[in-house]
Number of protein chains: 2
Amino acid sequence: MSDLAVSVDDVTAAQARIADAVVRTPLLPAAWAPGDLWIKAENLQPVGAFKLRGAVNAIALLDPGVRSHGVVTHSSGNHGRAVAWAARAAGVPAVIVMPEGAARVKVEATRALGAEVVIVPGDRREGVADRVRRVRGMGLVPPYDHADVISGQGTLAMETLVDLDDIDTVLVPVGGGGLISGVGVAVSSLSPRTRVVGVEPALAADARASLADGRRIAWDSRATSRTIADGTRTPVVGRITFPIMQATVDEIVTVTEDEILSAVASLARCARLVAEPSGALSVAAYLAGPWKYGRTVAVLSGGNIDPLLLARALASHTGKE
Amino acid sequence: MSDLAVSVDDVTAAQARIADAVVRTPLLPAAWAPGDLWIKAENLQPVGAFKLRGAVNAIALLDPGVRSHGVVTHSSGNHGRAVAWAARAAGVPAVIVMPEGAARVKVEATRALGAEVVIVPGDRREGVADRVRRVRGMGLVPPYDHADVISGQGTLAMETLVDLDDIDTVLVPVGGGGLISGVGVAVSSLSPRTRVVGVEPALAADARASLADGRRIAWDSRATSRTIADGTRTPVVGRITFPIMQATVDEIVTVTEDEILSAVASLARCARLVAEPSGALSVAAYLAGPWKYGRTVAVLSGGNIDPLLLARALASHTGKE
């Protein structure tokens, strides 16, 4: 795997680099679930998602001359918030390019972190972000397809491997593949017997199709927009993440929309953790077949859910504890 | 304070004793709140509340001959569940005496932990628990008024003092006073400049009245039953906890029912943590006047909330993040 864009040494170096700016999240035993499940609670990061790790690492690794001009990215979701947060922590300006129609609460939350929000038509996001980068001399921090972002995300696997022995399976939500690539690099190197299993909604299973076919396959946004797991609607995995996934991911499984919402409800009821649908994918996959995975770590990747959707999940999946 | 029933050495000893059976919960920065707030997330304990600490410690300290016969307590709430859990972990039987009318979900959850549940008329709970103790030779683990329970609860303060420097205030929910007594002993000894502030619902402010009057004042259950913070409906603080509170607690403040429910919603939305009303008291007090407390640790003491109440809190307190 020496030809991959990210090495385990990159992840190790990232860990020291970001330690002061991120929360070392707990690995929580989930005794309420059958089998042997542990939850890596990345929803407890300040911005509510693992994305902070990659953003902090990428900003720290920018050329100082570039960094002093600030950073720019395009994202209406957790990545945008993470970049805004990390830029503020680093004391540099941030520009977040968001599509028209982005939820006002997300725009306001990002502005509250001191970032400048630029609203453009959805299909012009990347172009505008790149122009901001050129004109203002800023550093671009892409949401997933960047070596420094990937190595930052991998740091959560390093913490996990310190906290728990003999892990059979790590379950990881998959969108663009940044998180699972970082985890894959760390786990395949430091605990090769541990299986790295990605989880996608059945409605947005482009990564599964890509790995099965050996090439990056894009899913139409008309298809992927149907899933409530909005963090996984990325149409296709990255050019950099895909070969890392091919080398380090054992399998990708899918879950239904009802399984996702049920996992959101179970996490709130039994683990007292608020998960967003994309963040609960890993737990949804586990609960659909706990006997498959042995001792399992499920990465709960984020918790930024619409409060009314959480209320609906709780009301419709009352379950029993 | 050398004449108190619990010393800081008791708490220190408890910490080593219970380390393998409880979660070392995270102390999470709450950057979403004004000022300087940190949350000690005891809702992430396996039973969803700090109660596990005292139960594990008290069971470990029973005479081995007694312990082998098992343990008994009376509680339909978090303490009963904690004793059931701790007994199972210690490999001994548990009898939990619950009042008629206890929620079926609570009865089932306790039975699922392997405990024997005995249902009796509400006014006979203590008597029946004591008779079980005598007849079956079991150890009684009271919910709060016991030195070993108090020293167990205090361990969360030890963790907090290791995790954060220069704490101005620790905010602690108050029911029978077991938690705040343990915290008070640890904090007054190890960080005397830190203020220990208790929080009660205005509808169940018997501890505040007791401290103000210098004697234990009981509030009628017809009054206290009106608060949604069911963990604080204890009519009066304990005989053992009261003098500890007198010696170590700086102040007790109260919050309204709306402030409690609003804090539950804020914790879910902004901290991605599920809190029960009693557990959110500390955060409710902080949010009502953050400028009063300086650098503050709020103990989020538990997360066992009725899912439909959580759904209601989320729907009625949408707030902004």
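In which sense do strand S3 (residues 71-74) of chain A and S4(A) pair, and over how many bridges? The first legend gives the reply. The model shown in every view is predicted.

**View 1. Strand S3 of chain A meets strand S4.** S3(A), residues 71-74, and S4(A) pair in the parallel sense. The pairing runs over 4 bridges. Look for A:Val72, which stands opposite A:Val95 in S4(A). Helix H4 (residues 78-90) of chain A belongs to this view too. Together, S3(A), H4 and S4(A) make a right-handed β-α-β unit.

**View 2. Strand S4 of chain A also pairs with strand S5.** S4(A) spans residues 94-99 and is mostly covered. Of its 6 residues, 5 are buried. S5 of chain A covers residues 116-120 and runs parallel to S4(A). There are 5 bridges joining the two strands. One pair to find is A:Pro99 with its bridge partner in S5(A), A:Val120. With H5(A), the strands S4(A) and S5(A) make a right-handed β-α-β unit.

**View 3. Strand S4 of chain B sits between its partners S3 and S5 in the pairing.** S4(B), residues 94-99, is mostly covered, with 5 of its 6 residues buried. S3 (residues 71-74) of chain B pairs with S4(B) in the parallel sense, over 4 bridges. Within that pairing, B:Thr73 has B:Ile96 of S4(B) as its bridge partner. From S3(B) the chain passes through helix H4 (residues 78-90) of chain B to reach S4(B). This β-α-β crossover is right-handed. S5 (residues 116-120) of chain B runs parallel to S4(B), and 5 bridges join them. Here B:Met98 has B:Ile119 of S5(B) as its bridge partner. Helix H5 (residues 104-112) of chain B completes a right-handed β-α-β unit with S4(B) and S5(B).

**View 4. Two domains of chain A touch.** The domain assignment splits chain A into domain 1 (8-49 + 146-316) and domain 2 (53-140). Their centres, taken over C-alpha atoms, are 24 Å apart. How many residues of each domain are in contact? Domain 1 gives 23 residues and domain 2 gives 14. On the domain 1 side, helix H1 (8-18) and helix H7 (147-163) of chain A each give two or more residues. H7(A) provides the largest share, 8 residues. By class, this side of domain 1 has 10 nonpolar, 10 polar and 3 charged residues.

**View 5. Chain A meets chain B.** The contact takes 27 residues from chain A and 27 residues from chain B. On the chain A side, four elements each supply at least two residues: strand S1 (27-29), helix H5 (104-112), helix H12 (257-270) and helix H14 (307-316). Which element gives the largest share? That is H14(A), with 6 residues. The chain A side has 18 nonpolar, 4 polar and 5 charged residues.

**View 6. A turn relates the two chains.** A turn of 180° and a shift of 0.0 Å along the axis lay chain A on chain B. The RMSD of this fit is 0.0 Å. The two copies are therefore related as by a two-fold rotation axis. Which C-alpha of chain A is nearest the axis? It belongs to A:Ala311 and lies 2.1 Å from the axis. Both copies use the same surface for the contact. In fact, 100% of the contact residues of chain A recur in chain B.

Notes: Residues are numbered from 1 along each chain as its sequence is written. Chains are lettered from A and ligands numbered from 1 in the order in which they are written. This is a predicted model: local features need pLDDT of at least 70, side-chain atom pairs count only at pLDDT 80 or more; totals for chains, interfaces and linings use all residues. A residue is buried if 20 or more other C-beta atoms lie within 10 Å of its own, exposed if 12 or fewer, and partly exposed in between; C-beta atoms are placed from the backbone. Two strands pair if DSSP finds at least two bridges between them. A crossover is right-handed if, with the strands pointing away from the viewer, the path from the first strand over the helix to the second runs clockwise. Two residues are in contact if their C-beta atoms, placed from the backbone, lie within 7 Å. Ala, Val, Leu, Ile, Met, Phe, Trp, Tyr, Cys and Pro count as nonpolar, Asp, Glu, Lys and Arg as charged, and the others, Gly among them, as polar. Domain bounds come from an automatic or database domain assignment. Copies are superposed by least squares on the C-alpha atoms of residues with pLDDT of at least 70 in both.
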